[in-house]
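Please examine the structure shown below, giving attention to the ligand and its surroundings. The paragraphs that follow lead from individual atomic contacts to the overall arrangement of the chain.

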Amino acid sequence: MRHFLSTQDWSRADLDALLAQAAAFKRSKAGTQLAGKSIALLFFNPSMRTRTSFELGAFQLGGHAVVLQPGKDAWPIEFELGTVMDGEAEEHVAEVARVLSRYVDLIGVRAFPKFQDWSIDREDRVIHAFARHATVPVINMETITHPMQELAHILALQQHFGTNDLRGKKYVLTWTYHPKPLNTAVANSALQIATRYGMDVTLLCPNRDYLLDPRYMDFAARNVAENGGSLSISHDPQQAYRGAHVVYAKSWGALPYFGRWADEKPIRDAHQHFIVDEAKMALTDGAVFSHCLPLRRNIKATDAVMDSAACIAIEEAENRLHVQKAVMAALAQ
Ligand code: CP
C-alpha cells in the first residue's frame, strides 16, 4: 500500500504519469475511477481550495467525500503513544485511523505545525501517525509540505510554457512579508519540486535565518545532482529577479525564531519591500508569477501583479482539482 505524503517518495516517472492524468482530467472532467469508493478528509486547520477541490474531485470521479474537523465536529485526537489520556483528546489516532480505514478507501490529512517547537513540528507526527495506523492510503493535504500544491504548480508551469520540460527556466522562490509567521510547507514544497524538475532555482529571502529546514535544503541539493539545474541563495531582490522566467511567492516564519515570534517580528517588518510588484517583475525575462493562495493583496503581491496577465495563481488553484483527482484515482486502484 502506497501513501502520498511527499513527492520525494515518488519517482519522476510516477509524478509525470500523475501530471499526464491530471491534464487529461482537465480536458475531460468526469470519470468513474472512484465509483463506489470514498475518502475521509480530516482538517485540523482551515481550508478553502483544498476542501472544495477534494470534495468535488471525489464526486466527479463517482466517489464520496466525508469531511471531518477533529476537535470541532469530530472528537479531539491524541497522537502520543503510551500516554495517559487525561487531557482534551477523547480518542487515539490508533483507533481513529483503523476505524476510518474500515469505512473509507482513502484518508486525506491537513495538519499544520503548532508553531511552538520546530524540533517537534518537523517530525510531522500527525500525518505519520495516520500513515502508520491506517490500512488505506493516506494523502497529505498540507502539513509541513504541500505536495498537492507542488503538482498543481508544475502542471500550471508546463501548460504556461507549452512544454513538460522545464529545464533551463530561471525560477525564483521569494519570501514575502506577512503580518504573522506562516508555515514553511509551501516553501519547502516549491524548493523540492522546482529542483526536481531541473530548473535553475534561486531561494530569495531576507537573510540566512529564513533558509528552510536542512531536510528540504538537502532534498533540493540532491534533486539538482540527479536532475540538473541549480540552486542558489540570494538576499537581494534586484539580483534575484533579473532574467527570471518564474516568480513564486510565499511568506514563512524563520525557523531559528520558532516559538519566539516577537523576536522575529522586527526582521519581518524590515523586509516589507520584498512584496512582488511591477518594478521587480519588470526586471525579469517576462516571468510568470504564481502563489498557492490565500494571498493578502498589497502585502505579498500588488494588485497590479495579481491582475496582470503574468499571474497564473488562479490556473494553479484550478489545477488542484485535477491533480488531486489523479492522485486519488491512482491510490484507490
Ligand atoms: N492553497 C491551499 O491549500 O489553499 P487552502 O488553504 O484554501 O486549502
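In this predicted model, an oxygen atom of the ligand lies 2.6 Å from a polar side-chain atom of T50. R320 also places a polar side-chain atom 3.0 Å from an oxygen atom of the ligand. On the nitrogen side, an N or O atom in the side chain of Q149 is found 3.0 Å from a nitrogen atom of the ligand. Taken on its own, the ligand has 260 Å² of accessible area, and the protein covers 93% of this area.

T50, Q149 and R320 belong to a wider set of residues around the ligand. Also in this set are S47, M48 and R49, together with R110, E142, H146, C292 and L293. Sorted by class, the shell comprises four charged, four polar and three nonpolar residues. With a cut-off of 4 Å for heavy atoms, these are the residues counted as near the ligand. The space that the ligand takes up is the second largest pocket.

The next step is to place this shell within the chain. The protein is divided into two parts: domain 1 covers 7–145 + 320–331, and domain 2 covers 149–317. The centres of the two domains, taken over C-alpha atoms, are separated by 25 Å. In the contact between them, 29 residues come from domain 1 and 36 residues from domain 2.

Which domains supply the shell around the ligand? Domain 1 and domain 2 each contribute at least three residues to the shell. R320 lies within the segment 320–331 of domain 1, and a polar side-chain atom of R320 is the one placed 3.0 Å from a ligand oxygen atom.

Note on methods. Residues numbered from 1 in each chain as written. Predicted model: local features only at pLDDT ≥ 70, side-chain atom pairs only at ≥ 80, totals over all residues. Heavy atoms only, no water. Polar contact = N/O pair within 3.5 Å; in protein donor to acceptor, adjacent residues only side chain to side chain. Areas by Shrake-Rupley, 256 points an atom, 1.4 Å probe, with all protein chains shown as cover. 1 Å grid on protein atoms, 1.4 Å probe; cavity = no way out; pocket = protein on both sides within 12 Å on 5 of 7 lines; lining within 4 Å. Sits in = over half its atoms within 2 Å of the grid points. Nonpolar A, V, L, I, M, F, W, Y, C, P; charged D, E, K, R; others polar. Domains from an automatic or database assignment. Contact = heavy atoms within 4.5 Å.
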